[in-house]
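Colleague: I am new to this structure and would like to go through it in small steps. Could you state each cut-off when it is needed?

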Amino acid sequence: MRRALIAAAAALALAAPAAARLPVFESGSAVGEGLPLKAYATISPTVHLFGDSITAKVAIVADTKLVDPARLQVTTDFTPYVQIKAPTVLQVRIGRFAQETWTWTLQCLTSPCVPRLPPSDKFHVFRFHPARVTYLQVNRKPAYAIRASWPPVEVLSQVSPGVQAFLQKTSRLNWRLGMTPVAAPTYRLSPSLLLWLAIGVAGVFGLSALWLASRWYLVVRPRRETALPYDPATTLDRALAVLRYAHEHGDETLQRKAFERVAGELGVERADELTLVARELAWSQRTPEDEEVEEFAEQARGTQESDL
């Protein structure tokens, strides 16, 4: 494993190293030159077709006796490329030697990355700002920092050279695929039928709502008082009707009350004798016979007619 790490560090040395302003430890370090850490930036591939994704890596080699890998911070700017996913961080540590690798997956689909004709470095080659590797103090304030430069990235068109030459000469496109008419759409259910079904369902719901609203109105609306028809019968007629009802149904208590009511309606000036009879029948210990009740009712009614 140690040999593999040393070989990886040697390979990274071929990439663009960081321009460092680092403290130098004369006692020596695991990464050499008395430096606490080194950083290398690589991009793969450096030449790609428009729309393809590329991979950017920053490898930080550090002496763990002088550097705590958990306090390393990497800042990058890949404009106009964007990150497809969050960067990954891989840490490998053997003894004092530690390597932390940050990996980004980038892509550019916007206008600045579209290859132009004629070719020009201004549009085809991108040089990103160097990655900044900062070592933080315990209070998270920067202690020192180094930069790692990225190699330039070139974007090529996915259009073949033959097509490019044809476009330059003719200024028109030669379509490889024929534009055939689109087939008529098919439906599981006819749109017209679906429309009328929707209208019918909406109508049923509307009528149901009106019916429920009318029922609710009939329940909660104030009831109108119905005017009773004029009853031409006098109070004496009504008292005689109660008397007849009580006698027919055998209600003795109601019958006695009815006799008392009739006596009150007859008065004592014009029908004093009949009034006494009514009171006598009301308080009599025996129950009056049918003939007596009918005869009394006829006499009382005759008294009313004579008054009229």
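**From a helix to the salt bridges**

Colleague: In which helix is the place of Leu218?
Modeller: This is a predicted model, so local features need pLDDT of at least 70 and side-chain atom pairs count only at pLDDT 80 or more, while totals for chains, interfaces and linings use all residues. Residues are numbered from 1 along each chain as its sequence is written, and side-chain values use heavy atoms, with hydrogens and water left out. Helices (H or I, at least four residues) and strands (E, at least two) are DSSP runs numbered from the N terminus, and the place of Leu218 is in residues 191-220, helix H4.

Colleague: What is the relative accessible area of Leu218?
Modeller: Buried means under 20% relative accessible area, exposed over 50%, and partly exposed in between, with a 1.4 Å probe and protein chains only. Leu218 counts as partly exposed because its relative accessible area is 45%.

Colleague: What is the area of the nonpolar surface patch that includes Leu218?
Modeller: Patches are made of residues with over 30% relative accessible area and no salt bridge, like charges being joined within 9 Å and nonpolar side chains (Val, Leu, Ile, Met, Phe, Trp, Tyr) within 5 Å. Areas come from the Shrake-Rupley method with a 1.4 Å probe, and for residues only the protein chains shown count as cover. Trp216, Tyr217, Leu218, Val219 and Val220 make this patch, of about 570 Å².

Colleague: Which strand gives the most residues to the largest nonpolar core?
Modeller: A nonpolar core is a set of buried Ala, Val, Leu, Ile, Met, Phe, Trp, Tyr and Cys residues joined through side-chain atoms within 4.5 Å. The largest one has 36 residues, and Leu37, Ile60, Tyr81, Trp104 and Trp150 have the most contacts inside it. Among the elements that give two or more residues to this core are strand E2 (37-44), strand E8 (97-107) and strand E4 (54-63). With 6 residues, the most is given by E4.

Colleague: How many residues apart in sequence are the parts that Asp63 and Arg96 tie together?
Modeller: A salt bridge is a side-chain nitrogen of Lys or Arg within 4 Å of a carboxyl oxygen of Asp or Glu, and the side chains of Asp63 and Arg96 meet in one at 2.5 Å, N to O. Asp63 is buried, with a relative accessible area of 0%, whereas Arg96 is partly exposed, at 37%. Because Asp63 lies in strand E4 and Arg96 in the loop between strand E7 (88-94) and E8, the pair ties together parts whose separation in sequence is 33 residues.
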